[in-house]
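Please walk through this model in the viewer, one selection at a time. Each stop says what to select and what is there.

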Amino acid sequence: MRIGELARRTGVSERALRYYEEQGLLIPQRLPSGYRVYGETDVAVVRRIRILLAAGLNTARIQEILPCIVDEDGWLTPDCPELVDALRQQRNRIDDAIGELETTRANLDTIIGAGRRAS
DNA sequence: GTTCTCACA
DNA sequence: TGTGAGGA
């Protein structure tokens, strides 16, 4: 199928699909015309990419762990330690980010005056 | 009508 | 990532 159909079937914009290719996440075949040709399996691959992206992983990380994922009922099944590891690391990053935000919020409270109404 | 590349008020 | 230009 060409990019238009894949976009419709996945709900992902053509722009995004071309971007995924640029990032090495999807490698469609090419027609002599230059048109991209995707396989049926790419529909599932795009779903995995979306899930991983939503989990906060960058395209580089996704490219590494994409091959060790098994699709099951629209969900992902970690099929090798690298994936579980990447997911754990991402989880830790989120914890760190939350911690920094809490600190920033505390600083703001001090400046504004915690509990007092800001005017 | 569909897709392609490139560039950015 | 969206959008539009200019072409095939």
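Helices are DSSP runs of H or I with at least four residues, numbered from the N terminus. This is a predicted model, in which local features need pLDDT of at least 70, side-chain atom pairs count only at pLDDT 80 or more, and totals for chains, interfaces and linings use all residues. Residues are numbered from 1 along each chain as its sequence is written, chains are lettered from A and ligands numbered from 1 in the order in which they are written, and side-chain values use heavy atoms, with hydrogens and water left out.

Start at DNA strand B. Helix 1 (3–10) and helix 2 (14–22) each give at least two residues to the surface near the strand, where near means a heavy atom within 4 Å. Select R2, I3, G4, E14, R18, R30, G34, Y35 and R36 to show the residues around DNA strand B. Of the strand's atoms within 4 Å of the protein, 87% belong to sugar and phosphate.

Next, show the side chains of three of these residues. R18 places a polar side-chain atom 2.7 Å from a phosphate oxygen of DNA strand B, and for R36 the distance to a phosphate oxygen is 2.3 Å. With Y35, the partner is a base oxygen of DNA strand B, 2.8 Å from a polar side-chain atom.

Now move to helix 5. Residues 81–112 make up its 32 residues, and the helix reaches 47 Å from first C-alpha to last, close to the 46 Å expected at 1.5 Å a residue (1.5 Å times one less than the number of residues). Its L83, A86 and Q90 are buried, that is, under 20% relative accessible area (1.4 Å probe, protein chains only). Finish at G113, just after helix 5, where phi is positive at about 105°.

Terms used. Buried < 20%, exposed > 50% of the residue type's maximum accessible area, 1.4 Å probe, protein only. Polar contact = N/O pair within 3.5 Å; in protein donor to acceptor, adjacent residues only side chain to side chain.
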